[in-house]
Amino acid sequence: MRAYPSAFVPEPILPNWDFRFTLKGHQDWVSALAISSDGQILASGSLDKTVKLWHLETGDLIHTFSDHQQGVLCLSLSPDGKWLASGGFDQTIKVWKLETGELCHTLTGHNGSVRSLVIMPDNQTLISGSFDQTIKLWHLDQGKFVQDLVQDAGRLSAIALSPDGKTLASGGGDGIIDLWHVQPFDLDFSLTDNLSSINSLALSPDGHRLAAACTDGTLKVWQLDSAERVESWQCPCAPAMSIIFSDNGQSAIAAHADGTIKIWWLGIDEPLLVLDNNDAGSVVSVALSPDGQWLAGGNRDGTVKVWQQL
């Protein structure tokens with residue numbers, strides 16, 4: 001175990017995840033997942049060009065959106081549960097009303113695939129990161145482009161927003177992670193000690209730590225007040241595809257291309273728990289409900305597996 005300050009990480013608590021069911025309906029990789037703030041709705045986006053809404057407790061399919069012309073790569077749900085945004089290879093962002101399934105806006109302006117989306121705590125502002133090297137700001141309700149926040153950010157594969165909306169992280173193929181102060185928008189600092197391209201980023205619930213999932217299979221965690229890297233977990237057998245923090249911020253949950261979801265406790269070198277994918281292929285995406293009770297993993301074979309915390 002690493003020498004963390006005692007206030008930084010408590011003794012590990014082994015989570016008890018009970019497998020509930022497998023959701024079937026997508027015909028290609030499930031590349032993005034999101035769970036509503038009330039923990040009732042699971043949204044899944046796939047390279048089959050569709051977005052599906054599921055009732056999380058029952059596994060029932062609620063709705064299928066088929067408006068993208070190419071594969072879907074990212075999703076974001078607004079904190080108030082009103083909006084669903086999706087982006088993908090067709091370089092557009094689709095905005096739906098979650099309750100009615102109505103397509104409200106198609107946002108155009110990116111010249112590359114839209115790889116990551118976040119909706120601000122105000123429920124009105126959307127930030128998008130794209131392979132065209134830009135980070136853009138949009139008004140959700142009006143469906144209007146507001147401004148380019150960054151025009152030379154590199155080929156972005158991931159952005160992440162702190163829960164308070166004050167810090168944005170971005171990263172991509174060059175392995176550099178930029179930390180941005182959101183209002184006013186300005187570069188705070190960059191993390192340059194990462195040598196592998198980035199698939200996914202996550203900020204902890206308290207906004208003090210940043211986690212990255214990398215193509216070389218490593219998972220890395222930084223303490224942002226010191227810009228110090230405090231974790232580097234090694235999984236060289238397969239890329240790390242997606243990463244999120246637990247609801248208490250003391251562990252990271254990662255989707256791995258070796259067909260597992262691994263739960264890593266800060267300060268411990270080995271995974272605390274490994275959830276096997278049962279031959280569904282690589283786990284591409286992962287999502288956790290805000291209350292920490294539901295965990296979903298999206299797979300290469302088009303299925304979504306769901307676990308419940310006991």
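This report looks at the salt bridges of a predicted model, at one buried lysine without such a partner, and at the sheet that holds this lysine.

**Salt bridges**

Let us start with the charged side chains. The model has 2 salt bridges, and the table sets them side by side.

| Lysine | Acid partner | N to O distance |
|---|---|---|
| Lys136 | Asp148 | 2.6 Å |
| Lys262 | Asp258 | 2.7 Å |

Take the pair Asp148 and Lys136, whose side chains meet at 2.6 Å. This pair links distant parts of the chain, with the two positions 12 residues apart in numbering: Asp148 belongs to strand 13 (residues 144-150), and Lys136 to strand 12 (residues 135-139). How accessible is Lys136, buried or exposed? Lys136 counts as buried because its relative accessibility is 7%, under the 20% limit for that class. Asp148, at 25% relative accessibility, counts as partly exposed.

The other salt bridge joins Lys262 and Asp258, with 2.7 Å between the closest N and O atoms. Here Lys262 has a relative accessibility of 9% and therefore counts as buried. Its partner Asp258 is partly exposed, with a relative accessible area of 34%.

**A buried lysine without a salt bridge**

Now for Lys305, which sits in strand 28 (residues 304-309). Which side chain of opposite charge is nearest to Lys305? That side chain is Asp301, 6.3 Å away. A salt bridge needs a nitrogen to oxygen distance within 4 Å, so Lys305 is buried yet has no salt bridge. The side chain of Lys305 does find a polar contact, though: the side chain of Thr22 lies at 3.1 Å.

**The sheet around strand 28**

Strand 28 also has a place in a sheet. What is the order of the strands in this open sheet? The 4 strands follow the order 1-28-27-26, and their pairing is antiparallel. At the edges are strand 1 (17-23) and strand 26 (283-288), each of which pairs on one side only. On average, neighbouring strands of this sheet are turned by 20° against each other, with direction ignored.

Within the sheet, strand 27 (residues 294-299) and strand 28 run antiparallel and are joined by 5 bridges. Leu295 has Trp307 of strand 28 as its bridge partner. As a general point, strands of a sheet pair through backbone hydrogen bonds, either parallel or antiparallel.

Methods. Residues are numbered from 1 along each chain as its sequence is written. This is a predicted model: local features need pLDDT of at least 70, side-chain atom pairs count only at pLDDT 80 or more; totals for chains, interfaces and linings use all residues. Side-chain values use heavy atoms; hydrogens and water are left out. Buried means under 20% relative accessible area, exposed over 50%, partly exposed in between (1.4 Å probe, protein chains only). Lys and Arg count as positive and Asp and Glu as negative; His and the chain ends are not counted. A polar contact is a pair of N or O atoms within 3.5 Å; within protein, one must be able to donate a hydrogen and the other to accept it, and residues adjacent in sequence count only if both atoms are side-chain atoms. Two strands pair if DSSP finds at least two bridges between them. Axes are lines fitted to C-alpha atoms, for helices over the stretch in contact, and angles run from 0 to 180 degrees between N-to-C directions.
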